[in-house]
Amino acid sequence: MTNRIDLHNHSTASDGQFSPRQVVEKAQANGVEIYALTDHDTVDGVAEAKQTAEELGIQFASGIEISADHALGGVHILGYFVNHHDEDFLSWLRQLKRWREERNVKILDNLRGQGIPVTEEDIVEQIGSMDRLESMGRPHMARILLKHGAVKDFNTAFDRFLGKNGSAYVDKKRVSPQEAVDQLHQAGGVVVLAHPFVPQKRDLPKVEAIVRELIDAGIDGLEAYHAEHTREQVEQCLKWAQANGLIVTGGSDYHGPDVTQGNELGKGYGSLYVPPQVWDDLQATRNRLHG
């Protein structure tokens, strides 16, 4: 089953495998007609993705995914229709980039300290330029580990080195959920809590506590239809949304085959379906909030 709507995707502007142009082209090839690019903590890929979508006749929403800190664990917050030219918003994102760059330098130093000869050439091969070090994600680092034969596959790279319990892991500074919600709203966005069940390891009480706090912070919706959500988790998100006057969104969370094997644009792992009403509700919410 191919989805005509996919509102959660990543490019090389953050930790995706393909450029903004390439990922939109792949979306069209898979039958996607409504698309949003939602790179982590950056809108650098939005202009290229938007232009490509216009050329290919795909309806497009500028987007972003912000990492925020919560007492019960990190949360990801999506912003749709954000103004990617808003200087106040861009200034705030530059601070997030500085934090990402500082973290990446520390992780790379940790890898070198463990005997893995990560070179500038390795880094440039992954992200194009040393000037874009903030755009490097752990999947890029995993590919470097594979290149040097330090691991046999991506899962091992994260389990041994890059995951939260990995030997090279460094946590990154994050903003609060309230700050993320406020900044996204001020940039003209519709704010949605991404994949509520994924980072919380399907612990219902923990997820519910996070959802309720984010509702209090002013989110506009929940990402119910996500590639890793079970049918029961989708239904739970729909119940929360209906009870609290929220919209729902959905997408594959596509990063590329090297990062999430089997997850495809517009399909997820094969059963992803985002109803057409999702796009209508998302646009209506933007018009209601921002005119």
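Select helix α3, residues 87-113, in this predicted model. Helix α3 gives 3 residues to the lining of the largest cavity, the largest share of that lining.

Now bring up the rest of the wall. The cavity is lined by D41, S67, L96, W99, R100, K172, K173, R174 and V175. Color these residues by class. The lining of the largest cavity has 5 charged residues, 3 nonpolar and 1 polar. How much volume does the largest cavity have? About 60 Å³. Do not search for others above the 30 Å³ cut-off: the structure holds 1 cavity of 30 Å³ or more.

Next stop: the second largest pocket. About 290 Å³ of space lies in this pocket. Which residues should you select to find its centre? Take H229, R231, V234, S271 and Y273, the closest to the centre among the 14 residues that line the pocket.

Then show the secondary structure. Two elements to pick are β6 (221-226) and α9 (231-244), the elements that give two or more residues to this lining. Select α9 for the next view. With 4 residues, α9 gives the most to the lining of the second largest pocket.

Keep the class coloring on. The lining of the second largest pocket divides into 8 nonpolar, 4 polar and 2 charged residues.

Last, put both sites on screen. At the largest cavity, show α3 with its 3 lining residues and the 5 charged residues of the wall. At the second largest pocket, show α9 with its 4 lining residues and the 8 nonpolar residues of the lining.

Note on methods. Residues numbered from 1 in each chain as written. Predicted model: local features only at pLDDT ≥ 70, side-chain atom pairs only at ≥ 80, totals over all residues. Heavy atoms only, no water. 1 Å grid on protein atoms, 1.4 Å probe; cavity = no way out; pocket = protein on both sides within 12 Å on 5 of 7 lines; lining within 4 Å. Points joined across faces, edges and corners; volume = space filled by probe spheres on them. Nonpolar A, V, L, I, M, F, W, Y, C, P; charged D, E, K, R; others polar.
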